[in-house]
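Dear colleague,

I am passing the structure below on to you, and my notes on the sheet and on one of the helices follow it.

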Amino acid sequence: MSDLRELYQEVILDHNKRPRNFRVIDPSTHHAEGFNPLCGDRLTVYLDVADGVIRDLAFQGQGCAISTASASLMTEALKGRPVAEVEPLFVKFHDLVTTDGPTPPGLGKLGVLAGVREFPSRVKCATLAWHALKAALDHRSAPVATE
């Protein structure tokens with residue numbers, strides 16, 4: 001099990017050091033800011049949505065390794081997928097980081113963040129980008145906070 005944990009840590013560190021889709025989409029059809037007042041993580045999620053499909057998804061900001069890796073993995077997981085899949089995937093991801101048990105099916109690389117559940121204060125770091133994504137899709141103009 002320690003080999004698997006080490007692999008997960010390597011993936012998280014890689015996505016923190018070299019985040020995928022770390023950029024601004026201009027123009028974007030949707031965007032929203034997320035803020036975690038507990039640790040100071042702040043990011044903005046940008047989407048280009050057409051015909052109900054996420055054609056492009058990116059983020060920019062600064063935060064801890066968990067929030068950056070989670071945002072990076074989220075963009076990879078959702079780019080090219082229908083908007084209708086966002087909510088069910090968010091529910092699975094939230095269950096992954098908050099409850100014990102096996103990794104829910106369909107999460108792919110997002111499963112590397114399962115260890116976050118052992119550190120409840122880090123759950124907000126892992127879900128920040130997801131909350132910002134939902135706010136963007138709902139066209140909310142005020143920054144979303146994890147508190």
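In this predicted model, Arg 42 stands opposite Gln 62 in β3, and Ala 50 is found opposite Val 53 of that strand. These two positions belong to the antiparallel pairing of β2 with β3, which runs over 9 bridges. The hairpin that the two strands make has 2 residues between them, and there Asp 51 adopts a positive phi near 55°.

On the side of β1, the pairing with β2 is again antiparallel and extends over 7 bridges, with His 30 placed opposite Leu 47 in β2. These strands also form a hairpin, in this case with 4 residues between them, and Gly 40 in the turn shows a positive phi of about 90°.

Taken as a whole, the sheet is open and consists of 4 strands in the order β3-β2-β1-β4, with mixed pairing. Its edge strands are β3 and β4, each of which pairs on one side only. As a general reminder, strands of a sheet pair through backbone hydrogen bonds, in either the parallel or the antiparallel sense. As for burial, β2 is largely enclosed by the rest of the structure, because 8 of its 10 residues are buried.

The helix I looked at is α4, which covers residues 123-137 and therefore has 15 residues; from its first C-alpha to its last it reaches 22 Å, close to the 21 Å expected at 1.5 Å a residue. Despite that agreement in span, α4 contains a kink of about 30°, centred on Ala 129.

Where does α4 stand between covered and open? The helix is mostly covered, with 12 of its 15 residues buried; among them are Val 123, Cys 125, Leu 128, Trp 130, Leu 133 and Leu 137, and Ala 129, the centre of the kink, is buried as well.

Which elements do the buried residues of α4 pack against? They pack against four strands, namely β1 (30-36), β2 (41-50), β3 (53-62) and β4 (144-145), and also against the helices α2 (65-78) and α3 (86-98). The strands named here are those of the open sheet described above, so that the helix and the sheet can be inspected together in the viewer, with β2 as the largely enclosed strand. After the end of α4 comes His 139, which has a positive phi near 55°.

With best regards

Terms used. Residues are numbered from 1 along each chain as its sequence is written. This is a predicted model: local features need pLDDT of at least 70, side-chain atom pairs count only at pLDDT 80 or more; totals for chains, interfaces and linings use all residues. Side-chain values use heavy atoms; hydrogens and water are left out. The bend at a residue is the angle between axes fitted to the seven residues ending there and the seven starting there. Buried means under 20% relative accessible area, exposed over 50%, partly exposed in between (1.4 Å probe, protein chains only). Contact means heavy atoms within 4.5 Å. Two strands pair if DSSP finds at least two bridges between them.
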